[in-house]
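Here is a structure to read alongside its sequence. Please take one part of it and look at that part closely.

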Amino acid sequence: MKFLRAVDYSLGWIASLMGAPPPKLQAAALAYRVEEDGALQFLLITSRRTKRWILPKGGIEKGEGTAEAAQREAFEEAGVVGQIHKEPLGIYDGRKYLGAGATRRMRIVVHALQVERLAEDYPEAGQRQVRWMSPDEAATAVDESQLAALIHDAAQKLLD
């Protein structure tokens, strides 16, 4: 699967050179908590269709910045309530799978979100799996190599 994503990314890059539309901007939350023993954990969710491990993410509504959109998406998709970091952790490129083999290039701005609690009632409750993972587990679980690198970098930044 990771090989196919690498090929897909390369084809997207070639398409952009040939005049394809620019990637669509999305915002994502890298939700985290620090355990009593100092261990850092990240919250990942599954996508609804493919069940891949991803970050809560989505489109940016009119009047929102990327931080506000990331915080909203984290609540809608995983019930996360917490404090969003205004400065992005980073950006990665991905693909949204539209069905029937169609994809759309995406550019995702990632913000750290310190989790205070997880709500029991939220818009997409029961539609996704939600799991806490160590930074290494989270980086291994995601398909996108750029996101895996961002997760590793975030672990260092958040623990400093």
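What follows is one request and one connected answer.

Q: Please take a close look at strand β7 (residues 102-118): which strands pair with β7, and where do charged side chains such as Arg 107 meet a partner?

A: This is a predicted model, in which local features need pLDDT of at least 70 and side-chain atom pairs count only at pLDDT 80 or more, while totals for chains, interfaces and linings use all residues. Residues are numbered from 1 along each chain as its sequence is written, and side-chain values use heavy atoms, with hydrogens and water left out.

Strands here are DSSP runs (E, at least two residues; helices are H or I runs of at least four), numbered from the N terminus, and two strands are said to pair if DSSP finds at least two bridges between them. On that basis β7 pairs in the parallel sense with strand β1 (residues 24-34), over nine bridges, and Leu 30 stands opposite Ala 112 of β7. Strand β5 (residues 80-84) pairs with β7 in the antiparallel sense over five bridges, and Val 80 has Leu 118 in β7 as its bridge partner. Gln 83 also belongs to β5, and its C-alpha atom is separated by 8.5 Å from that of Ala 112, although the two residues are 29 apart along the chain.

Strand β6 (residues 90-99) runs antiparallel to β7 and is joined to it by nine bridges, with Gly 90 opposite Val 110. These two strands form a hairpin with two residues between them, where Ala 100 takes a positive phi near 55 degrees. In a regular strand the side chains alternate between the two faces of the sheet.

Within that hairpin, Asp 93 and Arg 107 form a salt bridge (a side-chain nitrogen of Lys or Arg within 4 Å of a carboxyl oxygen of Asp or Glu), their closest N and O atoms being 2.6 Å apart. Because Asp 93 lies in β6 and Arg 107 in β7, the pair ties together parts that are 14 residues apart in sequence. The terms for exposure are set by relative accessible area (buried under 20%, exposed over 50%, partly exposed in between, with a 1.4 Å probe and protein chains only). Asp 93 has a value of 18% and is therefore buried, whereas Arg 107, at 34%, is partly exposed.

The count for the model is 12 salt bridges. Elsewhere, Glu 61, Glu 64, Arg 72, Glu 73 and Glu 76 are linked in a network of them. Arg 72 meets Glu 64 at 2.8 Å, N to O, and Glu 73 at 2.9 Å between the closest N and O atoms. Arg 72 counts as buried at 17% and Glu 73 is buried at 8%, while Glu 64 is partly exposed at 22%.

Back at β7, Arg 104 gathers with Lys 24, Arg 49 and Lys 96 in a patch of positive charge on the surface. A patch is made of residues with over 30% relative accessible area and no salt bridge, like charges being joined within 9 Å and nonpolar side chains (Val, Leu, Ile, Met, Phe, Trp, Tyr) within 5 Å. Arg 49 sits in the loop between β2 (40-46) and β3 (53-54), and this residue counts as exposed because its relative accessibility is 54%.

Methods
Accessible areas come from the Shrake-Rupley method with a 1.4 Å probe; for residues, only the protein chains shown count as cover. Lys and Arg count as positive and Asp and Glu as negative; His and the chain ends are not counted. The place of a charge is taken as NZ of Lys, CZ of Arg, CG of Asp or CD of Glu.
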